[in-house]
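Biologist: I am new to this structure and would be grateful for a close look at a single part of it. Please take the packing of the chain as the part to examine, and explain the terms where the reasoning needs them.

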Amino acid sequence: MTIQRFFSGVLLAGALSLFASCGNNEQAQTPSEGQQEQTPDIKEEAVTYTSGKDTLKGYVAYDANRKEQLPIVLVVHEWWGLTEYPRTRAKQLAELGYLAFSADIYSGGKLAPTPPEAQAAATPFYQNPQLAKTRLDAALEKAKSYPQADTARTAAIGYCFGGAVVLNAARLGANLDGVVSFHGNLVGTPARKDLLKSAILVCHGGADNFVPDAEVAAFKKSMDSIGADYTFKVYPGATHAFTNPNATEVGQKFNMPVRYDAQADSASWNDMKEFFGKIFH
């Protein structure tokens, strides 16, 4: 089965609101800037929380050696579900001084190990972005319950499917200071000036076959039309899923045009850190 068939299936399933998903200086301040360096003591734990009648199984990580309140960063998984990859990113964020919370958008800790399973799991959220926002809101409320959390400083990042989720959540009025999409699709709910509260950073692969130039242009036009606070970064030659070290193997296994790009991964992570330095000043 080719990636074109997967993409076509997603478009048919999601009607008007579909967006595809994937395979995994003073400006750049972090919460620890200006403080004495110390060895992080990263605490990790599985977290069970609820959204309506649904039981969700997330993951939290933070540095117990930090005594200050920690800004919250939600992490939204790829269309494979909450695998080890978003947990790894949460640990990296914890090392930077954030309370990182990997959200379970599918509920029940559901994983989707093959593209057909992933498409089936993701489709309800393509069709109903508000449902994804509701799940993200539940994760935010749970993260805010931690005594280490700085509840006044919040953000969300997402990868592929997760990138589309956080962009849609922002357009639907999520109470977040900022969102970062890594190789996520861009078309979804319409942008409205009266709803959008978040600054936006898009980290986009220049060779991403899932997100054509027309979609990029439409996204920028939509953001410009409401005067949105957004930054659009392009990493030349990077494909879909460029941040995930497992992407090359996944691409070969499932005949998908995705691969890891270490340079783009590093550059986009640094761009995210700079973005956080601005929104959390």
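Modeller: A residue is called buried when its relative accessible area is under 20%, exposed when that area is over 50%, and partly exposed in between. The model discussed here is predicted. With that scale in mind, one may begin with Ser 107, which lies in the loop between strand S4 (99-103) and helix H3 (115-127). Because its relative accessibility is 19%, Ser 107 counts as buried. Setting aside residues up to four places away in sequence, Ser 107 touches Asp 54, Thr 55, Leu 56 and Arg 135.

Arg 135 leads to helix H4, which covers residues 129-144. Arg 135 is itself buried in H4, as are Pro 129, Ala 132, Lys 133, Leu 136, Ala 138, Ala 139, Leu 140 and Ala 143. The helix has 16 residues and reaches 23 Å from its first C-alpha to its last, close to the 22 Å expected at 1.5 Å a residue.

The nonpolar cores come next. The largest nonpolar core has 61 residues, and those touching the most other members are Leu 74, Trp 79, Phe 161, Ile 200 and Phe 219. Residues up to four places away in sequence not being counted, Phe 219 touches Leu 167, Arg 171, Leu 186, Ile 200, Val 202, Tyr 230 and Phe 232. There is also a second, separate core of 29 residues, which includes Tyr 98, Ala 199, Leu 201 and Trp 269.

Thr 231 has contacts with residues from each of these cores: its partners include Ile 200, a member of the largest core, and Leu 201, a member of the second. Val 202 is also in contact with Thr 231, neighbours within four places in sequence being left aside. Thr 231 belongs to strand S8 (residues 230-235), and it counts as partly exposed because its relative accessibility is 33%. The C-alpha atom of Thr 231 is separated by 9.9 Å from that of Asp 271, which is 40 residues away along the chain.

Asp 271 falls within the span of helix H8 (residues 262-279), which packs with helix H2 (residues 84-96) at an angle of about 45°, the axes being 13 Å apart. H2 is therefore oblique to H8, and the crossing is right-handed. On the H2 side, Arg 89, Gln 92, Leu 93 and Leu 96 take part; they meet Asp 265, Trp 269, Met 272, Lys 273 and Phe 276 in H8. Trp 269 thus appears both in this helix pairing and in the second core.

Definitions and conventions. Residues are numbered from 1 along each chain as its sequence is written. This is a predicted model: local features need pLDDT of at least 70, side-chain atom pairs count only at pLDDT 80 or more; totals for chains, interfaces and linings use all residues. Side-chain values use heavy atoms; hydrogens and water are left out. A nonpolar core is a set of buried Ala, Val, Leu, Ile, Met, Phe, Trp, Tyr and Cys residues joined through side-chain atoms within 4.5 Å. Buried means under 20% relative accessible area, exposed over 50%, partly exposed in between (1.4 Å probe, protein chains only). Contact means heavy atoms within 4.5 Å. Helices (H or I, at least four residues) and strands (E, at least two) are DSSP runs, numbered from the N terminus. The expected span of a helix is 1.5 Å times one less than its number of residues. Axes are lines fitted to C-alpha atoms, for helices over the stretch in contact, and angles run from 0 to 180 degrees between N-to-C directions. Angles under 35 degrees count as roughly parallel, over 145 as roughly antiparallel, 65 to 115 as roughly perpendicular and the rest as oblique. A crossing is left-handed if the near helix is turned anticlockwise from the far one by less than a right angle, and right-handed if clockwise.
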